[in-house]
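Trainee: Got a minute to go through a model with me? I'd like to talk it over while we look.

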Amino acid sequence: FQKELSRRERLFKILALAKGWFGDQLRASSGSEAYKYLLNTRHLNKGIIDDFELRYAPNKWDGLLNYMNKVEGVPSPLLVEAGLAVPRKGQTGFYDRFRNRLIVPINDQQGRVIGFGGRSLDGAEPKYLNSPETEVFQKGKHLFGLDKAANSIRKVDRAVVVEGYFDVISLHSAGIDNSVAAL
(Lines give C-alpha, C1' and ligand atoms only; values in the text may rest on other atoms or scores of the structure.)
Protein backbone atom coordinates (compact mmCIF):
# COMPACT_ATOMS: atom_id res chain seq x y z
CA PHE A 1 0.00 0.00 0.00
CA GLN A 2 2.81 2.42 0.87
CA LYS A 3 4.44 1.86 -2.52
CA GLU A 4 1.12 2.46 -4.28
CA LEU A 5 0.53 5.63 -2.27
CA SER A 6 3.96 7.00 -3.08
CA ARG A 7 3.35 6.37 -6.79
CA ARG A 8 0.07 8.32 -6.65
CA GLU A 9 1.78 11.12 -4.73
CA ARG A 10 4.53 11.18 -7.37
CA LEU A 11 1.89 11.61 -10.10
CA PHE A 12 0.27 14.49 -8.17
CA LYS A 13 3.71 16.14 -7.88
CA ILE A 14 4.44 15.71 -11.61
CA LEU A 15 1.05 17.18 -12.55
CA ALA A 16 1.62 20.14 -10.19
CA LEU A 17 5.04 20.77 -11.76
CA ALA A 18 3.47 20.65 -15.23
CA LYS A 19 0.80 23.13 -14.15
CA GLY A 20 3.54 25.50 -13.02
CA TRP A 21 5.41 25.15 -16.31
CA PHE A 22 2.22 25.74 -18.34
CA GLY A 23 1.62 28.86 -16.21
CA ASP A 24 5.11 30.16 -17.02
CA GLN A 25 4.34 29.66 -20.72
CA LEU A 26 1.15 31.76 -20.55
CA ARG A 27 3.14 34.59 -18.96
CA ALA A 28 5.99 34.30 -21.50
CA SER A 29 5.95 36.24 -24.78
CA SER A 30 5.02 33.01 -26.61
CA GLY A 31 1.80 32.94 -24.57
CA SER A 32 0.67 36.47 -25.42
CA GLU A 33 -1.79 35.35 -28.14
CA ALA A 34 -3.31 32.79 -25.77
CA TYR A 35 -3.66 35.45 -23.06
CA LYS A 36 -5.29 37.86 -25.54
CA TYR A 37 -7.69 35.06 -26.54
CA LEU A 38 -8.74 34.64 -22.90
CA LEU A 39 -9.24 38.39 -22.43
CA ASN A 40 -10.71 39.43 -25.78
CA THR A 41 -12.46 36.36 -27.19
CA ARG A 42 -13.54 34.65 -23.97
CA HIS A 43 -14.02 37.99 -22.13
CA LEU A 44 -12.41 36.69 -18.96
CA ASN A 45 -10.73 39.01 -16.49
CA LYS A 46 -7.37 38.42 -14.83
CA GLY A 47 -9.10 37.37 -11.59
CA ILE A 48 -11.03 34.50 -13.19
CA ILE A 49 -7.97 33.49 -15.26
CA ASP A 50 -6.04 33.26 -11.99
CA ASP A 51 -8.89 31.57 -10.07
CA PHE A 52 -9.10 28.77 -12.64
CA GLU A 53 -5.31 28.80 -13.12
CA LEU A 54 -5.63 28.89 -16.90
CA ARG A 55 -2.38 28.06 -18.68
CA TYR A 56 -0.77 27.63 -22.10
CA ALA A 57 1.12 24.84 -23.88
CA PRO A 58 3.43 26.31 -26.54
CA ASN A 59 3.57 25.00 -30.08
CA LYS A 60 6.55 22.70 -29.42
CA TRP A 61 6.76 18.93 -29.65
CA ASP A 62 8.94 18.58 -26.58
CA GLY A 63 8.83 21.77 -24.50
CA LEU A 64 7.30 20.22 -21.40
CA LEU A 65 9.14 16.95 -21.96
CA ASN A 66 12.55 18.67 -22.03
CA TYR A 67 11.76 20.78 -18.99
CA MET A 68 10.53 17.82 -16.94
CA ASN A 69 13.43 15.57 -18.04
CA LYS A 70 16.27 18.07 -17.70
CA VAL A 71 15.19 20.51 -14.99
CA GLU A 72 12.92 18.41 -12.77
CA GLY A 73 14.56 15.02 -13.43
CA VAL A 74 11.26 13.31 -14.29
CA PRO A 75 11.77 10.40 -16.71
CA SER A 76 9.62 10.25 -19.84
CA PRO A 77 7.82 7.00 -18.91
CA LEU A 78 6.49 8.73 -15.77
CA LEU A 79 5.26 11.61 -17.94
CA VAL A 80 3.37 9.07 -20.04
CA GLU A 81 1.92 7.59 -16.86
CA ALA A 82 0.78 11.10 -15.82
CA GLY A 83 -0.86 11.64 -19.24
CA LEU A 84 1.53 14.44 -20.26
CA ALA A 85 3.63 12.68 -22.90
CA VAL A 86 2.94 10.20 -25.67
CA PRO A 87 5.34 7.51 -26.98
CA ARG A 88 6.30 8.02 -30.64
CA LYS A 89 4.70 5.37 -32.84
CA GLY A 90 7.22 3.08 -34.51
CA GLN A 91 10.18 5.03 -33.11
CA THR A 92 11.93 5.60 -29.86
CA GLY A 93 11.19 8.68 -27.83
CA PHE A 94 8.22 10.69 -26.68
CA TYR A 95 6.42 13.96 -27.40
CA ASP A 96 4.21 16.40 -25.50
CA ARG A 97 0.51 15.53 -25.48
CA PHE A 98 -0.52 19.21 -25.33
CA ARG A 99 0.82 21.61 -27.98
CA ASN A 100 -0.44 25.10 -28.88
CA ARG A 101 -3.41 24.85 -26.55
CA LEU A 102 -4.97 26.76 -23.74
CA ILE A 103 -4.55 24.55 -20.71
CA VAL A 104 -7.29 24.12 -18.13
CA PRO A 105 -6.13 22.25 -15.01
CA ILE A 106 -8.63 19.70 -13.73
CA ASN A 107 -8.57 19.38 -9.95
CA ASP A 108 -9.99 16.81 -7.58
CA GLN A 109 -12.18 17.93 -4.69
CA GLN A 110 -9.09 18.51 -2.55
CA GLY A 111 -7.77 20.96 -5.16
CA ARG A 112 -4.96 18.69 -6.43
CA VAL A 113 -4.32 18.69 -10.19
CA ILE A 114 -5.37 15.32 -11.61
CA GLY A 115 -5.36 16.13 -15.33
CA PHE A 116 -5.68 18.82 -17.96
CA GLY A 117 -7.99 19.91 -20.71
CA GLY A 118 -6.46 21.64 -23.69
CA ARG A 119 -8.34 23.85 -26.14
CA SER A 120 -6.87 24.21 -29.62
CA LEU A 121 -5.83 27.75 -30.53
CA ASP A 122 -5.17 27.20 -34.23
CA GLY A 123 -8.16 25.14 -35.33
CA ALA A 124 -6.29 21.85 -34.92
CA GLU A 125 -8.47 18.84 -34.21
CA PRO A 126 -9.58 17.78 -31.77
CA LYS A 127 -10.80 21.16 -30.57
CA TYR A 128 -10.55 19.90 -26.98
CA LEU A 129 -7.93 17.38 -25.95
CA ASN A 130 -8.11 15.93 -22.45
CA SER A 131 -5.71 13.99 -20.31
CA PRO A 132 -6.18 10.25 -20.73
CA GLU A 133 -7.41 8.11 -17.88
CA THR A 134 -4.60 7.63 -15.37
CA GLU A 135 -4.19 6.27 -11.90
CA VAL A 136 -5.30 9.64 -10.47
CA PHE A 137 -7.74 10.77 -13.20
CA GLN A 138 -10.89 8.87 -14.11
CA LYS A 139 -13.26 11.07 -16.11
CA GLY A 140 -16.42 9.42 -14.81
CA LYS A 141 -15.49 10.03 -11.17
CA HIS A 142 -14.89 13.79 -11.30
CA LEU A 143 -16.71 16.99 -12.14
CA PHE A 144 -14.80 19.97 -13.49
CA GLY A 145 -14.98 22.91 -11.09
CA LEU A 146 -16.31 20.95 -8.12
CA ASP A 147 -13.35 22.03 -5.98
CA LYS A 148 -14.42 25.66 -6.56
CA ALA A 149 -18.20 25.10 -6.51
CA ALA A 150 -18.62 22.72 -3.55
CA ASN A 151 -19.28 25.36 -0.88
CA SER A 152 -21.79 27.21 -3.05
CA ILE A 153 -23.52 23.94 -3.98
CA ARG A 154 -23.85 23.06 -0.30
CA LYS A 155 -25.15 26.54 0.53
CA VAL A 156 -27.87 26.65 -2.16
CA ASP A 157 -28.42 22.86 -2.23
CA ARG A 158 -28.27 22.94 -6.02
CA ALA A 159 -25.69 22.47 -8.77
CA VAL A 160 -25.77 23.78 -12.30
CA VAL A 161 -24.26 21.12 -14.56
CA VAL A 162 -23.06 22.40 -17.93
CA GLU A 163 -21.20 20.96 -20.88
CA GLY A 164 -17.64 22.21 -20.77
CA TYR A 165 -14.77 23.94 -19.03
CA PHE A 166 -15.40 27.37 -20.47
CA ASP A 167 -19.12 27.14 -19.68
CA VAL A 168 -18.21 26.64 -16.02
CA ILE A 169 -15.57 29.37 -16.10
CA SER A 170 -17.99 31.84 -17.74
CA LEU A 171 -20.73 31.09 -15.21
CA HIS A 172 -18.33 31.51 -12.29
CA SER A 173 -17.20 34.77 -13.90
CA ALA A 174 -20.85 35.89 -13.89
CA GLY A 175 -21.27 34.96 -10.22
CA ILE A 176 -22.99 31.59 -10.74
CA ASP A 177 -20.45 29.71 -8.70
CA ASN A 178 -22.45 26.53 -8.10
CA SER A 179 -21.71 25.37 -11.66
CA VAL A 180 -19.71 22.29 -12.66
CA ALA A 181 -19.20 20.27 -15.85
CA ALA A 182 -19.13 16.55 -16.51
CA LEU A 183 -15.83 15.30 -17.90
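Mentor: Let's go from the overall build to the sheet and then the core.

Trainee: Sure. What kind of model is this, and how are residues numbered?

Mentor: This is a predicted model, so to speak of local features we need pLDDT of at least 70, side-chain atom pairs count only at pLDDT 80 or more, and totals for chains, interfaces and linings use all residues. Residues are numbered from 1 along each chain as its sequence is written, and side-chain values use heavy atoms, with hydrogens and water left out.

Trainee: How many helices and strands are there in the protein?

Mentor: Seven helices and nine strands. Those are DSSP runs numbered from the N terminus: H or I of at least four residues for helices, E of at least two for strands.

Trainee: What is the radius of gyration?

Mentor: The radius is 16 Å, close to the 16 Å from the globule rule for 183 residues, so the protein is as compact as a globular protein of that length. The radius is taken over C-alpha atoms, and the rule is 2.2 Å times the number of residues to the power 0.38.

Trainee: And what share of the residues is buried?

Mentor: Buried residues are 45% of the 183. Buried means under 20% relative accessible area, exposed over 50%, and partly exposed in between, with a 1.4 Å probe and protein chains only.

Trainee: On to the sheet. What is the strand order?

Mentor: The open sheet has four strands, β1-β4-β5-β6, with antiparallel pairing. Two strands pair if DSSP finds at least two bridges between them. At the edges sit β1 (55-57) and β6 (128-130), each pairing on one side only. On average, neighbouring strands are turned by 35° against each other, direction ignored.

Trainee: How many bridges join β4 to β5?

Mentor: Seven, and the two strands run antiparallel. Partners across that pair include N107 with V113 and I106 with G115. The hairpin has five residues between the strands, and G111 there takes a positive phi near 90°.

Trainee: What about the pairs at either end?

Mentor: β1 and β4 share three bridges, with A57 partnered by R101. β5 (residues 113-120) and β6 also pair over three bridges, where G118 has L129 as its partner and R119 stands opposite Y128.

Trainee: Which helix packs on this sheet?

Mentor: α7 (residues 165-173) does, touching β4 (101-107), β5 and β6, and its direction makes about 75° with that of β4. Axes are lines fitted to C-alpha atoms, for helices over the stretch in contact, with angles from 0 to 180 degrees between N-to-C directions.

Trainee: Are the middle strands buried or exposed?

Mentor: In β5, eight of the eight residues are buried, so that strand is largely enclosed by the rest of the structure. β4 is mostly covered too, with seven of its seven residues buried. R101, I103, P105 and N107 point one way from β4, while L102, V104 and I106 point the other way.

Trainee: Now the core. Which residues touch the most other members?

Mentor: In the largest nonpolar core, with 46 residues, they are F22, L38, L54, L84, F116, F144 and I169. Such a core is a set of buried Ala, Val, Leu, Ile, Met, Phe, Trp, Tyr and Cys residues joined through side-chain atoms within 4.5 Å. Helix α1 (residues 2-27) gives the most, with nine residues.

Trainee: What is L54 in contact with?

Mentor: Leaving aside neighbours within four places in sequence, L54 contacts L26, L38, L44, I49, I103, V104, F166 and I169. Contact means heavy atoms within 4.5 Å.
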